[in-house]
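Me: I would like to go through this structure by question and answer, beginning with how its chains meet and then turning to single residues. Please let each reply reason its way to the value or name that I ask for.

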Amino acid sequence: MQLGGAKQVAVLNSSDVYPLNRPGEANQGLQIYRANGCAACHTEQVQQEGVACDVVLTAAGKNPMVVSNLISTLKLKGLTEQEAEAVSGKIAAAGGKVETHIFATGADIARGWGLRHSVAEDFLYDNPVQLGSLRIGPDLAGVGARLPDANWQLLHLYAPRSLVKDSAMPPFRYLFETQKIGGAPSTDALNLSKEFAPPAGYEVVPKPEATELVAYLLSLHADMPLYDAPFTPPTPKK
Amino acid sequence: MTVNETSTNQIDASCRVPLLVLFGGGVFWLVVSSVLAVVASLTFHMPEKFGDCPWLTYGHVQPAADDALLYGFCIPAGLGVALWIFARLGQTPLRGAMVPVVAAHLWHLGVLVGLVGIFAGDSTGFQWLEFPRGGSALLFFAYLLLSLWALMNFSGRRESGLFPSHWFLVAALFWFPWIYSTANILIVGWPVRGVVQAVIAWWFGNNLVFVWTSLVGLGAAFYFLPKFAGRPLQTYFYALFVFWTLIIFGSMRGVPVGAPVPAWLPALSALNSLLLVVPVIAIAVIGWKTVVGAAGQECKGGSFCMIKFGFVSFVLSALMLVASACPYFSRLTQFTWFGAAQTQLQLYGFFAITMFGSIYHILPRVVGIEFAFPKLIRLQHWCAMLGLFGLVAPLVLGGVVQGLKLEDPNVAFAGSTKAMLPLLRVSSLGLFFLLIANLLLALNIFAMIIAWKWSVAKAVFAAVTAPLAKPGVKA
């Protein structure tokens, strides 16, 4: 079966290949994810309705007035691929230089769960592949990009409701240890709000399972543009 | 006439011990499953309470509840009913009953190992395939032995006629070893790469939860409905048509619409799901023409009622399956509770309730003892129907509401959970009624097992003491 013999693929407009294997700790975290049945409530499948194109002017060329007059009469955002091609053609004919930016559309994308829909390549090196089928909790395919702070993730695992009000997620306190502070407080100790904090003189530190699970969650950012799921990466904010 | 009666009694008696082990253990797991399901649903009432013990978190308890229902109750009950139907239809007593007895014990041991494995964090992580290797190997060999014995009885039958029930049940005997070995080898034993794992898991889950249960449940219904209605199955050719269309369309589906796999897989899946409407209509016609207007038994809350109810549940569940493949609706309901509701309707509403009806009919005959609490049978059926409605209706409604919220990018994700939570809480009530129904069934079956063991013990004691008994000494 072709799909079973799938290999790394090229990232669009780049010499990189995708995917790379997850770091060792994240792979161990996948086993924690499996063992605790996280996939009973979380999917890893971002959905996409289609694509929309924006035409962006990069250089006005020799006749900036003509181009700008032309542009003011045209719709440049949220076009279909064919419309974008037509618009680019018109502007190019007037001497302007344009780029077409592609965006995925759909509710999942709008919610910030990912930049494109999930594809088979995202799971190439995962064993087991944990796609899930029910969204009791949010989709996690892009959680590493959406919530990249490891401390936030640890706090959320220990006490979901300290960060997300009304969360239906059970706390995973058994992945943490409450220990007496001996000498200096541990650098790993969670910075918990009052309501969730342990008694005075105690601190909560993550067990290796918790750090591994968080390493896995942070490794989930299926955000490379690929041939079968193209998009224009947003320019990094400075 | 008396010769026939003796032979029927012999046939029934030959199935006695294997059926008691299959049904007794099955009912035990049924109760375990509904206790676990209630515990899992408590997470939606008070998530805070379950954080200190891994054994109580939803991700452990919910798969365990599902597997206890499917592997613990449905499959052994189905095999028990199949063994008995083969023996009765073929007019052939079950020989070497020791082997199915041992196999049934192995099966229940496999379920125990599998469930402990899930709680210990050894789940494979694939829905319906969670049992770790030790458990699944036991299940596989136990099933092979049981199906081998059923097939030997079938091939050595004295009554050479072949009935529609035969086709469905024989297919099911082969179906499970095929799909279970394939899925375990390719996912657990020597895992294939990437999303192919998920594709195999979906294929397997559908073939077990939909195709296998349909084959066995319809096989049983096609035996019992004509028997109770006092009218032959209407008709043989409809049944033949259903058999082939069901296994052809039914077995090539299961990949959800938005899966991250090449697009032909979900497309083929959806096409086959839609085509299932053909056998479903034919099945409804069979049920209608066989039962409605027939001058057979009255239903009176007993076996007949249950099997009729199960039959209607099957039609509804299969229509939900068809609906969830329709272009817009499939996008709307994927990732929602709609699918879970369909699964519950299929597994409990159709299959388990059909099995209840069969067990209530079969057990008094094979054991030779009436149920200790006959009035509870009707109560059990009411509890089961009520519980099923209380479970499935909120989940269907909630699934659609949740889907609409998920589709709307202006609603934050928390909004979809918030809309769903009250309905999930209502469904806990349904689960609670199902627990009561299962306990009522268990009460009758365990009372029967105890009564039977007692009578065996008395007989053994009498036999042992008889030659030495002196007048005046009480045995």
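Me: How many residues does each chain bring to the contact between chain A and chain B, and what area is buried there?
Reply: This is a predicted model, and the totals for its interface use all residues. The contact takes 48 residues from chain A and 49 residues from chain B. Carbon and sulfur atoms give 60% of the area buried between the two chains, which comes to about 4,000 Å².

Me: How many salt bridges are counted between chain A and chain B, and which residue of chain B forms one with R161(A)?
Reply: Polar contact between chain A and chain B, with both residues at pLDDT 80 or more, is counted for 21 residue pairs, while the count of salt bridges is three. In the salt bridge of R161(A), the closest N and O atoms are 2.8 Å apart, within the 4 Å cut-off, and the partner in chain B is E48(B).

Me: Which helices of chain A each supply at least two residues of the side that touches chain B, and what is the make-up of that side by class?
Reply: At least two residues of this side come from each of α1 (24-35) and α4 (107-110) of chain A. Sorted by class, the side of chain A that touches chain B has 27 nonpolar, 13 polar and eight charged residues.

Me: Is I32(A) buried or exposed, and which residues does it touch beyond four places away in sequence?
Reply: I32(A) is found in helix α1 of chain A, and with a relative accessible area of 12% it falls under the 20% cut-off, so it counts as buried. Although I32(A) and E209(A) are 177 residues apart in sequence, their C-alpha atoms are 6.6 Å apart in space. Leaving aside residues up to four places away, I32(A) touches E209(A), E212(A) and L213(A).

Me: What is the relative accessibility of G95(A), and which residues does G95(A) touch beyond four places away in sequence?
Reply: G95(A) is found in the loop between α3 (81-93) and β4 (97-105) of chain A, and its relative accessibility of 36% makes it partly exposed. Its C-alpha atom is separated by 5.4 Å from that of G61(A), a residue 34 places away along the chain. With residues up to four places away not counted, G95(A) touches A60(A), G61(A) and V67(A).

Me: Which residue does a cis peptide bond join to Y18(A), and which to N127(A)?
Reply: Most peptide bonds are trans. The bond from Y18(A) has an omega of about -5° and leads to P19(A), in the loop between β2 (17-18) and α1 of chain A. The bond from N127(A) has an omega of about 0°, and its partner, placed in the loop between α4 and α5 (143-146) of chain A, is P128(A).

Me: What is the phi of W128(B), and what is that of F335(B)?
Reply: Most residues other than glycine have a negative phi. W128(B), in the loop between α4 (98-119) and α5 (133-155) of chain B, is buried at 8% relative accessible area, and its phi is positive, at about 70°. F335(B), in the loop between α12 (327-333) and α13 (337-367) of chain B, counts as buried at 5% relative accessibility, and its phi, also positive, is near 70°.

Me: How far apart are the end C-alpha atoms of helix α11 of chain B, and how many of its residues are buried?
Reply: At 1.5 Å a residue, the 21 residues of this helix, 303-323, should span 30 Å, and its end C-alpha atoms agree, being 30 Å apart. The helix α11(B) is largely enclosed by the rest of the structure, because the buried residues number 15 of the 21.

How values were computed
Residues numbered from 1 in each chain as written. Chains lettered and ligands numbered in written order. Predicted model: local features only at pLDDT ≥ 70, side-chain atom pairs only at ≥ 80, totals over all residues. Heavy atoms only, no water. Helix = DSSP H or I, 4+ residues; strand = E, 2+ residues; numbered from the N terminus. Expected span 1.5 Å × (residues − 1). Buried < 20%, exposed > 50% of the residue type's maximum accessible area, 1.4 Å probe, protein only. Contact = heavy atoms within 4.5 Å. Buried area = accessible area lost by both parts, 1.4 Å probe. Salt bridge = Lys/Arg side-chain N within 4 Å of Asp/Glu carboxyl O. Polar contact = N/O pair within 3.5 Å; in protein donor to acceptor, adjacent residues only side chain to side chain. Nonpolar A, V, L, I, M, F, W, Y, C, P; charged D, E, K, R; others polar.
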